[in-house]
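Work through the exercises below with the sequence and the 3D structure in view. Try each task before reading its solution.

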Amino acid sequence: MRAGLPELAEHRRRRIEVEHGLSEYDARLLTASRALADFFEAAVAVYGQAKPVANWMLRDVLQALNQRDLEIEAAALTPEALAALIRLVDEGVTTARSARGLVPELVATGGDPAELVRERGLEALEDADAIERAVEAVVAEHAENVERYRSGEEKVLNFLIGQVMRRTGGKANPGSVRQALIAKLSS
């Protein structure tokens, strides 16, 4: 009879914490309801890694649910769709910023993340020439910050990356932007 009982909430929280290497705080949030914990574990089974799934759920999915006053079981988002969205970011198909913008829609109406990225034109900009043009424009516009970077203030690089991202409408791959900026600033 005991084997047929569902896992107790506190036991599940500890198991998720240990098995997936999450903090007690994150595990507690993810096990706040049985449905949320089930969704998390199903998404991890599809995606293969717990920490990225936990991050997306705790930051973006819960926010979208709260904005709509929904519980996870009433949402149209599926664990498979969340895993697919995270993969699109990992593979550089879209940026994290663009993907985050899709989460509320996926929660409300569901859908295929790859198809939504295509339909909305949210593909990441990988055109090296376009990135280079944006980098050159930002370097020219922010000469003072360029000099600060060259004199050793490495934190200024993040500001410059942000300016290039703004110029490309958030579509450029941040890693490609970083590389292009460092190359430009080192020359």
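**Exercise 1. How much area does the protein chain expose, and what share do carbon and sulfur atoms supply?**

Solution. The exposed area is about 10,300 Å² (Shrake-Rupley method, 1.4 Å probe). Carbon and sulfur atoms supply 51% of it. The model is predicted: local features need pLDDT of at least 70, side-chain atom pairs count only at pLDDT 80 or more, and totals for chains, interfaces and linings use all residues. Residues are numbered from 1 along each chain as its sequence is written, and side-chain values use heavy atoms, without hydrogens and water.

**Exercise 2. Why is the protein chain called more spread out than a compact globule?**

Solution. First, count elements: 11 helices and 0 strands (DSSP runs; helices are H or I, at least four residues; strands are E, at least two). Next, take the radius of gyration over C-alpha atoms. It is 20 Å. The globule rule (2.2 Å times the number of residues to the power 0.38) gives 16 Å for 187 residues. The value is well over the rule, so the chain is more spread out than a compact globule. The C-alpha box is roughly 70 × 35 × 25 Å along the principal axes.

**Exercise 3. Which residues of helix 5 are buried, and what covers them?**

Solution. Helix 5 covers residues 79–90. Its buried residues (under 20% relative accessible area, 1.4 Å probe, protein chains only) are P79, A81, L82, A83, L85, I86 and L88. Their cover includes helix 3 (34–47), helix 4 (50–68), helix 6 (96–109) and helix 7 (113–120). After helix 5 comes G92, with a positive phi near 80 degrees.

Notes
The expected span of a helix is 1.5 Å times one less than its number of residues. Buried means under 20% relative accessible area, exposed over 50%, partly exposed in between (1.4 Å probe, protein chains only). Contact means heavy atoms within 4.5 Å.
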